[in-house]
Amino acid sequence: MKSIYLLLSILLICVANSLSQPKSDSTGFAKPGINLYLDGIAEYDDYIRKQIDFVNYVRDRHEANIHLLITTQLTGGGGREYTMLYIGQMMFAGKNDTLQYYAGSAVAEDEIRQGLVQLLKMGLMPYLARLPDAGAMEIEINFTEGESHPSEVKKHQWHDWVFTISGNCDYSGEQSYKNLYVNGGLYAKKTTEAWKFSAGLNGSYNYSRYAYDNTEYVSKTRSKSANLLVVKSITNHWSAGGTTSISASSYSNYDLQATLSPAIEWNLYPYSQSTSHLFTVLYQLTPSYADYTDTTIYLKTAEWLASQSLTASLDLIEKWGSVNMSLYASNYFHDFSKNALYLSGAVNLRIVKGLEFNLYGNIGFIHDQLSLPKEGATPEEVLTRQRELATDFNYYGSVGLSYSFGATYNNVVNARFSFLN
């Protein structure tokens, strides 16, 4: 009981001490003017709060008079495009704006966040000008040398091509288990307004050893692949192109699998709006050749096949949250009962103040496993996942709910003990 009294006494002293501290603008109290809800850029959140300290950062979007939604997507040069959507609310209702910032693939992270902050400040100027006390503000403008917009930069010697070489080796183990995984690849891509090209070579090797009850189990799987993608922009809603690939996989019983897939895609929204909403329907026609490692359950060692697939995909990023859904269906022409259907979706909803709902799930109905070996899998191969196994379906799901409450304004940034946060 004495220890409880001692703990309560210490707690009361700490509270009294915090209440006795002088209150200043840096402690998180509201400043007159702009209430900003920063959305979509968590990795630079603290940096932005420190550099732009003339606004209030609110915890709930309903308390904000500006909802700043930042979305990102990869550029053709391997960099990143940041789209900043300024959505006016309350006193700024109807006052919306959009700005874009481009960061090259070789730009350091510190330069990226500095450039973002610079453009974020510019985007806030029209809103500051509408405040009642705007006349009392003082703005300082400095011109510095910087890179031009990518469209104004002279063509690089690589003519828009970007090359990537990657490789990794993972090794882990304990007394009764060890695992080695090696993966490497070479990739090239070129992206312009009219065309998109990408090609890749990839190979992997996975080795695992299990020891149990004086018995040793060894698992080895290998895979290698080469692929090419070509896309032509037709209109702001239509694209055409195709893919081709050559691969081999001990897990899936392929010594060789070669495919050629011409395709066409329609987008409900203009592609120029892809950072905030995208609804596409993609149709593919795929002739292929398969050379199997072992004779399949259909008594095939090699065969020519033809299939088709249709994919519908929806991506929405709005101030109320985000939605991602996709539906994929395919079938073989020689036997329509050999088909597959996959549905996946993710939803992040801001329901009411402080309450968020997160949902993710996918399910697949699988009836097209033509490469399964006739001999099946041994108990060792099943346990060590060396072979693809027959199944009619697979699924995965997660659901979450979070609620946060407290002070409306959170202008303070404190990086102490960030490793333990």
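A226 has I246 in strand β10 as its bridge partner. That is a good place to enter this predicted model. The bridge belongs to a run of antiparallel pairing between strand β9 (residues 215-233) and strand β10 (residues 238-249), which holds 11 bridges. The two strands form a hairpin, with 4 residues between them.

Follow the chain onward. β10 also pairs with strand β11 (residues 254-267), again in the antiparallel sense and over 11 bridges. Here S247 stands opposite Q257 in β11. The hairpin of β10 and β11 has 4 residues between its strands, and N253 takes a positive phi near 70°. In a regular strand, side chains alternate between the two faces of the sheet.

Now step back to the whole chain. There are 17 strands and 4 helices. Of the 421 residues, 28% are buried. The chain exposes about 26,500 Å², and carbon and sulfur atoms supply 58% of that area. Take the contacts between residues at least 6 apart in sequence: 55% of them join residues at least 24 apart.

Where do the buried nonpolar side chains gather? The largest nonpolar core has 28 residues, and I34, I48, Y82 and M84 touch the most other members. Several elements each supply at least two residues to this core: β1 (35-39), α2 (45-51), β3 (66-74), β4, β5 (97-103) and α3. Helix α3 gives the most, with 8 residues. Y82 shows how these parts meet. Leaving aside neighbours within four places in sequence, Y82 is in contact with I41, Y44, I70, T71, T72, L99, Q100, Y101, A103, I112 and L116. A second core is separate from this one; it has 6 residues, including Y254, L305, Y332 and L370.

Aromatic rings give another view of the fold. The model holds 13 aromatic pairs. One of them is Y86 with Y127, a stacked pair with 6.1 Å between centres and 20° between planes. Why does this pair tie together separate parts of the chain? Y86 lies in strand β4 (residues 80-88) and Y127 in helix α3 (residues 109-128), so the pair joins parts 41 residues apart in sequence. Is Y86 buried or exposed? Its relative accessibility is 1%, so Y86 counts as buried. Y127 is buried too, with a relative accessible area of 0%.

Compare W161 and F197. Their rings are also 6.1 Å apart centre to centre, but the planes differ by 35° and the pair is tilted. W161 is in strand β6 (residues 161-174) and F197 in strand β8 (residues 195-212), so this pair links distant parts of the chain, 36 residues apart. The surroundings can be read from accessibility. W161 has a relative accessible area of 33% and is therefore partly exposed. F197 has 25% and also counts as partly exposed. Ring pairs join W161 and F197 with F163 and W195 into a cluster.

Two lysines complete the picture of these rings. K232 lies over the face of W195, a member of that cluster, at 5.6 Å from the ring centre. K232 falls within β9 (residues 215-233), the strand where this tour began. K95 lies over the face of Y127, at 6.0 Å from the ring centre. Y127 is the buried tyrosine of the stacked pair.

Conventions:
Residues are numbered from 1 along each chain as its sequence is written. This is a predicted model: local features need pLDDT of at least 70, side-chain atom pairs count only at pLDDT 80 or more; totals for chains, interfaces and linings use all residues. Side-chain values use heavy atoms; hydrogens and water are left out. Rings of Phe, Tyr and Trp (its six-membered ring) pair if their centres lie within 6.5 Å; planes under 30 degrees apart count as stacked, over 60 as edge-to-face and the rest as tilted. Buried means under 20% relative accessible area, exposed over 50%, partly exposed in between (1.4 Å probe, protein chains only). A charge sits over a ring if NZ of Lys or CZ of Arg is within 6 Å of the ring centre and within 35 degrees of the ring normal. Contact means heavy atoms within 4.5 Å. Accessible areas come from the Shrake-Rupley method with a 1.4 Å probe; for residues, only the protein chains shown count as cover. A nonpolar core is a set of buried Ala, Val, Leu, Ile, Met, Phe, Trp, Tyr and Cys residues joined through side-chain atoms within 4.5 Å. Two strands pair if DSSP finds at least two bridges between them.
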